[in-house]
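Here's a quick walk through a protein chain for someone seeing it for the first time. Have the 3D view open and follow along.

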Amino acid sequence: MRGRCAVTTTVPEPGKLSVADLAFWSLPPERRLAEFAELRRREHPRFLPELKLPFVKQGPGFYALARHADVVEASRSPQIFSSEPCSNSIADMPQYLARYFGSMINMDDPRHAKIRKIVSRAFTPRVLEKMETDLQAAATRIVDDLIAKGSADFVTDVAARLPLQVICDMMGIPERVRPMVYERTNIILGLGDPEYSGGRDYTRDGITRLGALYGLLKVMVAGYELNHLAMKLARKRRRDPGDDLVSALISAEVDGERLTDQEIGSFFILLVVAGNETTRNAMSHGLKLFTDNPGQRALLLEDFDARMPGAVEEIVRMATPVIQFRRTLTRDHLMNGHQYRAGDKVLLFYNSANRDEAVFENPDVFDITRSPNPHVGFGGPGPHFCLGANLARREITVMFRELFTRVPGIRATGEPDRLFSSFINGIKHLPCTF
């Protein structure tokens, strides 16, 4: 009875889209921000129906957690707001996808803590030293190529190249397969966007059954290929260890337990998808923000080393590359005046929390001196805070230092071509010149 009442009392107004509609995610950013501002003003979180996708079993709906306080409290309470059975899709993930994408982000403690600890131990001083060298070398090559080219697509020529090169260098992925890794990453996170999922059956207003089947098959194949690549490399490194992260992963252990080849494959997908996509989108949004706010660019260039740490946090807050994650209630719970029931689904909308007027003064203003800046662009506080946050910060810093030192006049020359997604705040293309 409670679920039915919630749905009937929150039917969207005639002609108005809600965050539960596919078409909502094709609206201009300012329209979407306005809808989330309205959600934050509500006395209680809004209950919305799940997106209707062919071949995927829907539940009754989810609560949209749009306020910073709700997102933070849910993140800090994993024993109540569980990441199991699934955190990276609203519907429960089908088994044929979970075998590839069922990484530690879809686990609770103690299993999550053990896997995370094993992975953390693999980031040895030797691995980190090599990563820092590879990072600087990659940034230098990218700007060399940019200067030779003159004008470019900032996403494909700069922002997407750096994290991909760093991750592949770190994992020991051969050069010849890196274009495949990049393409498969786009397919996985571009589900629903015609450029990546393909086919005329994908539209911004909905997905036909044939289009959904085609897209899901592409995602499944992409997951298999990335998983197979990492597992093959793990087996090779067991026979012939090197100085890469895979070699460190297969030898790292906690309480006598090591990662299996399958777990290494799933972690590689998490690393290459999350580490590549989020950092490249933060960089792309960053260039657009500095183009639209020349005063902030000038402020940064006055003292880059002192102001870049704050600039990185503000870029991540404004961009919020990952829009949302799901949690599932393990028991009845009262939070901020609202009663939740065991089994309820909630979506933690990080993009909305990062614009919450109750926490951020002038939240829609880009201010690299903002302090404090308690954004949740790397996830909320708690056990699922982004494991790669410091790597992302370092990549953004190194890339913008290289750019603003060697081509300080670089700027976007057009509007971003945005990814059609309710999960990733992506930019597919962004023309630039200097």
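The chain folds into 17 helices and 14 strands. Keep in mind that this is a predicted model. Of its 434 residues, 55% count as buried. Contacts also reach across the sequence: taking those between residues at least 6 apart, 71% join residues at least 24 apart.

So what's on the inside? In soluble globular proteins, nonpolar side chains tend to be buried together. Here, the largest nonpolar core has 108 residues, and Phe154 and Leu403 are the ones with the most contacts inside it. Helix α13 (residues 261-292) is the top contributor to this core, giving 13 residues. A second, separate core has 17 residues, including Phe24, Phe36, Ala64 and Leu347.

Let's zoom in on Leu403. Leaving out residues up to four places away in sequence, Leu403 touches Val143, Leu146, Phe154, Val158, Pro408 and Ile410. Leu403 is also one of the buried residues of helix α17, along with others such as Leu391, Ile396, Met399 and Phe400. That buried list isn't just nonpolar names, by the way: Glu395 and Glu402 are among them too. What covers the buried residues of α17? The cover includes α6 (125-149), α7 (154-159), α8 (161-171), α13, α14 (294-302) and α15 (304-319).

How far do two of these helices reach from end to end? Here are α9 and α17 with their spans between end C-alpha atoms.

| Helix | Residues | Span in the model | Expected span at 1.5 Å a residue |
|---|---|---|---|
| α9 (178-189) | 12 residues | 17 Å | 16 Å |
| α17 (389-406) | 18 residues | 26 Å | 26 Å |

For α17 the two values agree, and for α9 the span is close to the expected one.

Helix α9 is worth a second look, since α9 packs against α13 at an angle of about 80°, with the axes 10 Å apart. That angle makes α9 roughly perpendicular to α13. On the α9 side, Val181, Tyr182, Thr185, Asn186, Ile188 and Leu189 take part, meeting Phe268, Val272, Val273, Asn276, Glu277 and Arg280 of α13. By class, this contact has seven nonpolar, three polar and two charged residues. The buried residues of α9 include Val181, Ile188 and Leu189, but also Arg178 and Arg184.

Now back to the second core and Phe36. Phe36 sits in helix α2 (residues 29-41). Is Phe36 buried or exposed? Its relative accessibility is 2%, so Phe36 counts as buried. Beyond its neighbours within four places in sequence, Phe36 is in contact with Val19, Phe24, Trp25, Ala66, Phe349, Asn351 and Ser352. Phe36 also shows how the chain brings far-off stretches together: Asp356 is 320 residues away in sequence, yet the two C-alpha atoms are 9.2 Å apart.

Finally, a few details of the backbone. The peptide bond from Glu84 to Pro85 is cis, with omega near 5°, and Pro85 lies in the loop between β3 (81-82) and α4 (95-101). Another cis bond joins Asp109 and Pro110, with omega about 10°; Pro110 is in the loop between α4 and α5 (111-122).

Asn336 has a positive phi, near 50°, although Asn336 isn't a glycine. Asn336 is in the loop between β8 (333-335) and β9 (338-340), and at 42% relative accessibility it counts as partly exposed. Asn362 also has phi near 50°, and its place is the loop between α16 (350-353) and α17.

Technical notes. Residues are numbered from 1 along each chain as its sequence is written. This is a predicted model: local features need pLDDT of at least 70, side-chain atom pairs count only at pLDDT 80 or more; totals for chains, interfaces and linings use all residues. Side-chain values use heavy atoms; hydrogens and water are left out. A nonpolar core is a set of buried Ala, Val, Leu, Ile, Met, Phe, Trp, Tyr and Cys residues joined through side-chain atoms within 4.5 Å. Buried means under 20% relative accessible area, exposed over 50%, partly exposed in between (1.4 Å probe, protein chains only). Helices (H or I, at least four residues) and strands (E, at least two) are DSSP runs, numbered from the N terminus. Contact means heavy atoms within 4.5 Å. Axes are lines fitted to C-alpha atoms, for helices over the stretch in contact, and angles run from 0 to 180 degrees between N-to-C directions. Angles under 35 degrees count as roughly parallel, over 145 as roughly antiparallel, 65 to 115 as roughly perpendicular and the rest as oblique. Ala, Val, Leu, Ile, Met, Phe, Trp, Tyr, Cys and Pro count as nonpolar, Asp, Glu, Lys and Arg as charged, and the others, Gly among them, as polar. The expected span of a helix is 1.5 Å times one less than its number of residues.
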